[in-house]
Amino acid sequence: MKYLNYEGLKYLYGKILARINTRVEKEDGKGLSSNDYSNEEKAAVAAADRQKHTHDNKAVLDTITQEMLNHTYTHPESGVTPGTYRSVTVDSKGHVTAGSNPTSLEGYGITDALRKNAVTWGDLLTDTASEG
């Protein structure tokens, strides 16, 4: 009498599992060629396949879609010379419409600062300061 070794047993087990996983269960009253799919279901699927998604305004949508596909975005010209600016003006869409490089406080719109040389050491060294 011959016996299977461990490798042979694993091989046989794999073959048995493969057969079990690929078998078809027989149902009473049905053969392998029976039509389980009703004619109504078959007709409904065929009709759905023939129908396409439509719109009353399909031509308009097709035109708009084609224009979108053919359009290359061009950023509008701002009129500002390329460069580095310390102060810019921006429109409601976020586009820079002007640029400048102010050289004074007024140019930056600053109104509450002291001007250069507005206060001198002489102003700080008053008689009241030395009385302390």
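**Exercise 1.** Is K10 buried, partly exposed or exposed?

Solution. The classes are buried (under 20% relative accessible area), exposed (over 50%) and partly exposed in between, with a 1.4 Å probe and protein chains only. K10 has a relative accessible area of 43%. K10 is therefore partly exposed.

The model is predicted: local features need pLDDT of at least 70 and side-chain atom pairs pLDDT 80 or more, while totals for chains, interfaces and linings use all residues. Residues are numbered from 1 along each chain as its sequence is written, and side-chain values use heavy atoms, without hydrogens and water.

**Exercise 2.** State which residue forms a salt bridge with K10, and place the pair in the chain.

Solution. A salt bridge requires a side-chain nitrogen of Lys or Arg within 4 Å of a carboxyl oxygen of Asp or Glu. The partner of K10 is E7, with the closest N and O atoms 3.8 Å apart. Both residues belong to helix α1, where three residues, about one turn, separate them. In an α-helix with 3.6 residues a turn, residues three or four places apart point the same way. The structure holds one salt bridge.

**Exercise 3.** Check the length of helix α1 (helices are DSSP runs of H or I, at least four residues).

Solution. The expected span is 1.5 Å times one less than the number of residues. For the 17 residues of α1, residues 6-22, this gives 24 Å. The end C-alpha atoms lie 25 Å apart, which agrees. At the N-terminal end, N5 caps α1, with a side-chain oxygen 3.2 Å from the backbone nitrogen of E7.

Conventions: Helices (H or I, at least four residues) and strands (E, at least two) are DSSP runs, numbered from the N terminus. A polar contact is a pair of N or O atoms within 3.5 Å; within protein, one must be able to donate a hydrogen and the other to accept it, and residues adjacent in sequence count only if both atoms are side-chain atoms.
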